[in-house]
Amino acid sequence: MARSRQIDAQQIEADRLVEEARIDQTRALEIARQEQQIAVQNKSREESQAKANDKGKAFELQVSEMLGYLAGTFGDSLEDIGEETDGIGSSKIGDHLLTLRTGAKDTGRIVVEDKVGKFTMSGASSLPSQLSTAMTNHNADAAIGIVNVKCAPKKLQKLGYISPQSNMHIVVVDCETEDWAGLEILYPIVRQLLIIQQQTKNASESHIDSGAILDLCEEQLRKLSNFNKLKRNLRKQIAEPAENIAAELNVIQAELMDAFSRLIKLHREDDL
């Protein structure tokens, strides 16, 4: 009888040890599964970030090329500053810096921030907030946010252009279709606004009607919003027949070109 109880106790102990081993093995397998899942997620996150970085870099290069063309047209200079930091951490504020020139003088600076990923339009980390910081950090007189249409919030997509505050502009472009019309229209206007603001501070240097030019620039900015709205309708072919929208676009484009011609003429007359 005593031997039987001893055998039973040994069996119970053996069963306990087997159960503990089974539990330990199950835990080990679960830990290994979780670690593998984390590794897969990290790899996927890293690959997604790498793709986003590549996409952002490609967009930055496209914007730089277009800004270089626009700046060269007016004799302005362009500096790509996307790799610079704020001197505190690794974050960067601003992708490009344009220096405006009239004659032999520097007359203003425009800082540009590119956006090809998700962003917000309000809050401490919003695009307007980033543009404001970029203006301060780079001692710029104006800021332009250039947003790829696919990542723009719905309201911004619809408008195509907004000005959150004085001397701050956000414009939508489509890098895939190489549609840079909004930026091509906006840059000469912002440039002229800054030049006139500078000349107004030094009124004796200019003989042209600064107020008239400022009014003209503001008028063209309003037309830029209409221009982008009509383009959006034309792409979707809604609201109006496509031919009517195309006709309105031609009218606005002609008015904008006429305004630029008048600005250039006034600027040249002032240089005489």
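## The sheet

Let's start with the sheet: six strands form an open sheet in the order 1-2-3-4-6-5, and the pairing is mixed. At the edges sit strand 1 (77–80) and strand 5 (161–165), each of which pairs on one side only. Going from one strand to the next, the twist averages 20 degrees. Keep in mind that this is a predicted model.

What does "mixed" refer to? Strands of a sheet pair through backbone hydrogen bonds, and the pairing can be parallel or antiparallel. For an antiparallel example, look at strand 2 (residues 96–102) and strand 3 (residues 105–115), which are joined over seven bridges. Within that pair, leucine 98 has isoleucine 110 of strand 3 as its bridge partner.

## Helices on the sheet

Now add some helices. Helix 4 (residues 181–201) packs on the sheet and touches strand 2, strand 3, strand 4, strand 5 and strand 6. Its direction makes about 145 degrees with that of strand 3. Helix 2 lies across strand 3, strand 4 (142–148), strand 5 and strand 6 (168–173), and it runs at about 125 degrees to strand 6.

## Two residues to find

Try picking out proline 128, which lies in helix 2 (residues 127–137). Is proline 128 buried or exposed? Its relative accessibility is 13%, so proline 128 counts as buried, the cut-off being under 20%. Leaving aside residues up to four places away in sequence, proline 128 touches Thr120, Met121, Pro164, Met168 and Ile170. Histidine 169 is 41 residues from proline 128 along the chain, yet their C-alpha atoms are separated by 8.8 Å.

Next, hop over to glycine 68 in helix 1 (residues 2–74). With 33% relative accessibility, glycine 68 counts as partly exposed. Glycine 68 and leucine 98 are 30 residues apart along the chain, and 9.0 Å separates their C-alpha atoms. That's the leucine 98 you met above, bridged to isoleucine 110.

## Salt bridges

Side chains of opposite charge can pair when their charged atoms come close. How many salt bridges does a search of the whole structure find? The search finds five. One of them joins the side chains of aspartate 76 and arginine 191, at 2.7 Å from N to O. Aspartate 76 sits in the loop between helix 1 and strand 1, while arginine 191 belongs to helix 4, so this pair ties together parts that are 115 residues apart in sequence. Both aspartate 76 and arginine 191 are buried.

Aspartate 106 and arginine 101 form another salt bridge, and their closest N and O atoms are 2.3 Å apart. Here aspartate 106 is exposed, with a relative accessible area of 51%, and arginine 101 is partly exposed at 30%. There is also a salt bridge between the side chains of glutamate 113 and lysine 115, at 3.7 Å from N to O. Glutamate 113 and lysine 115 are both buried.

## Cysteines without a partner

What about disulfides? The count comes to zero. Take cysteine 151: the nearest cysteine sulfur belongs to cysteine 175 and is 8.8 Å away. A disulfide needs the two sulfur atoms to be within 2.5 Å, so cysteine 151 is in no disulfide. The same story holds from the other end, since cysteine 175 is in no disulfide and has cysteine 151 as the nearest cysteine, sulfur to sulfur.

Are these cysteines buried or exposed? Cysteine 151 is buried, with a relative accessible area of 16%, and cysteine 175 is buried too, at 13%.

Technical notes
Residues are numbered from 1 along each chain as its sequence is written. This is a predicted model: local features need pLDDT of at least 70, side-chain atom pairs count only at pLDDT 80 or more; totals for chains, interfaces and linings use all residues. Side-chain values use heavy atoms; hydrogens and water are left out. Helices (H or I, at least four residues) and strands (E, at least two) are DSSP runs, numbered from the N terminus. Buried means under 20% relative accessible area, exposed over 50%, partly exposed in between (1.4 Å probe, protein chains only). Contact means heavy atoms within 4.5 Å. Two strands pair if DSSP finds at least two bridges between them. Axes are lines fitted to C-alpha atoms, for helices over the stretch in contact, and angles run from 0 to 180 degrees between N-to-C directions. A salt bridge is a side-chain nitrogen of Lys or Arg within 4 Å of a carboxyl oxygen of Asp or Glu.
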